[in-house]
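Reader: I'm new to this one. Could you take me closely through a single part, the place where the ligand sits?

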Amino acid sequence: MGPRKDDTTFNEARAGAQAYLDARLTKPKDAPSRKPFRIPVIDLAPSFSTDRDARKSVAAKIRDACEGSGFFYITSHGVPLATIDSIIRLAERFFKELTPEQKKAMHMSTNNLHRGYEDSAYTSINGDVETKEGFNWGYEEMLDPTGGDGLYCDLDGSKGGSNVWPSEKDLPGFVDVIKDYYGRTLQLARHLFRLFALALDLPGDYFDSMTTHPGGISRLLYYPPSKTPKPLSAENTEEEIGLGAHSDYECFTLLLSSSSPGLEILSPDGYWTEAPPLEGSYIVNIADFMMRWTNDRFKSTVHRVVNRTKDERYSVPFFFSINYDQTVETLPSCISDERPSKYPPIKAGEYILERLNSSLQY
Ligand SMILES: O=C(O)CCC(=O)C(=O)O
Ligand SMILES: [Fe+2]
């Protein structure tokens, strides 16, 4: 069952998101930003301490980043380099080793929750021609190191079971690598949510009960080499767009990529700014649902991918949500007399499904 298209809250959510994107894209410029636009590197090591002050010091850095560019790198996050290398290698194997027929058999068009393989033309953000190909999957209890709480429900309220996987024969070891990567990244996302709680002056466990069976869509992405490699500059206006300008939909995204650059972030003064990969780190960014939930205090920033190199690029984003059946109102610490709540309550899964459906190219 899809979202109710005539529902005022959905219209408001969709129109709000589109207006935000349109306003930011009015005059993007293909040159480095002239104003300071910081994508800080935050060392998470002290956040694993039992000392609350040590955890709060990391939370303060996260708060500055979330209220600033909305993007930051995290290091010492506890996910082994071997896990990171394996998932990037798995992405490469997925796109190289499966035949077109094997990919087609898992095509997203046969799945109403956006799971499976997508060719480059299947989804598009602004109607742009995009070069990326992807493979998407979502939360299931067997991927959760806690085993979940038995209450998972999917974007549309169904009980789950929508993931599709290549067979063991076609791609041996695939699900094992996914499980290791997804489980560790999921636990890291729950840890980050505790730091967000501290950053927002809420009790440290504020979000815990909302992430017991959370939404977490992840994808393997492939960007082919550029046909005409050239650097980001004001003169180069003809790009081969890998993934069009957009903001993410959920609470926040944890991104890994191969060593090829390509991610570009739109600065407040309208300049595309490169966010090159930093080995062993994740790039974290705030997404639209979190921006709304914080009454626009945390920023969901527009970004895109352009592969400007002669090398292939692989990336693996993880879009972390709260439990899809959770309805939320603006966080209490983000409302004041001067800053009343701008948004009505909304259910997480319904909001995200509406946003995903709006990216389909029919
Ligand atoms: O591939 C990347 O580096 C970023 C992907 C991304 O922004 C997305 O899938 O939302
Ligand atoms: Fe994104």
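Author: **Around ligand 1**

Sure, here goes. In this predicted model, 13 residues surround ligand 1, and the closest are Y223, H246, H303, R313 and S315 (a residue is near a molecule if one of its heavy atoms lies within 4 Å of it). By class, this shell has 7 nonpolar, 3 polar and 3 charged residues (Ala, Val, Leu, Ile, Met, Phe, Trp, Tyr, Cys and Pro count as nonpolar, Asp, Glu, Lys and Arg as charged, and the others, Gly among them, as polar).

Now for the polar contacts, meaning pairs of N or O atoms within 3.5 Å. An oxygen atom of ligand 1 is 2.4 Å from an N or O atom in the side chain of R313. For H303, the side-chain N or O atom is 3.1 Å from a ligand 1 oxygen, and for the side chain of D248 the figure is 3.1 Å. Taken alone, ligand 1 exposes 300 Å², and the protein buries 97% of that (areas by the Shrake-Rupley method with a 1.4 Å probe).

Strand 5 (214-223), strand 6 (241-246), strand 11 (303-306) and strand 12 (313-323) each give two or more residues to the shell, and strand 12 gives the most, with 4 residues (strands are DSSP runs of E, at least two residues, numbered from the N terminus).

A word on conventions: residues are numbered from 1 along each chain as its sequence is written, with chains lettered from A and ligands numbered from 1 in the order in which they are written. Local features need pLDDT of at least 70, side-chain atom pairs count only at pLDDT 80 or more, totals for chains, interfaces and linings use all residues, and side-chain values use heavy atoms, leaving out hydrogens and water.

How values were computed. A polar contact is a pair of N or O atoms within 3.5 Å; within protein, one must be able to donate a hydrogen and the other to accept it, and residues adjacent in sequence count only if both atoms are side-chain atoms.
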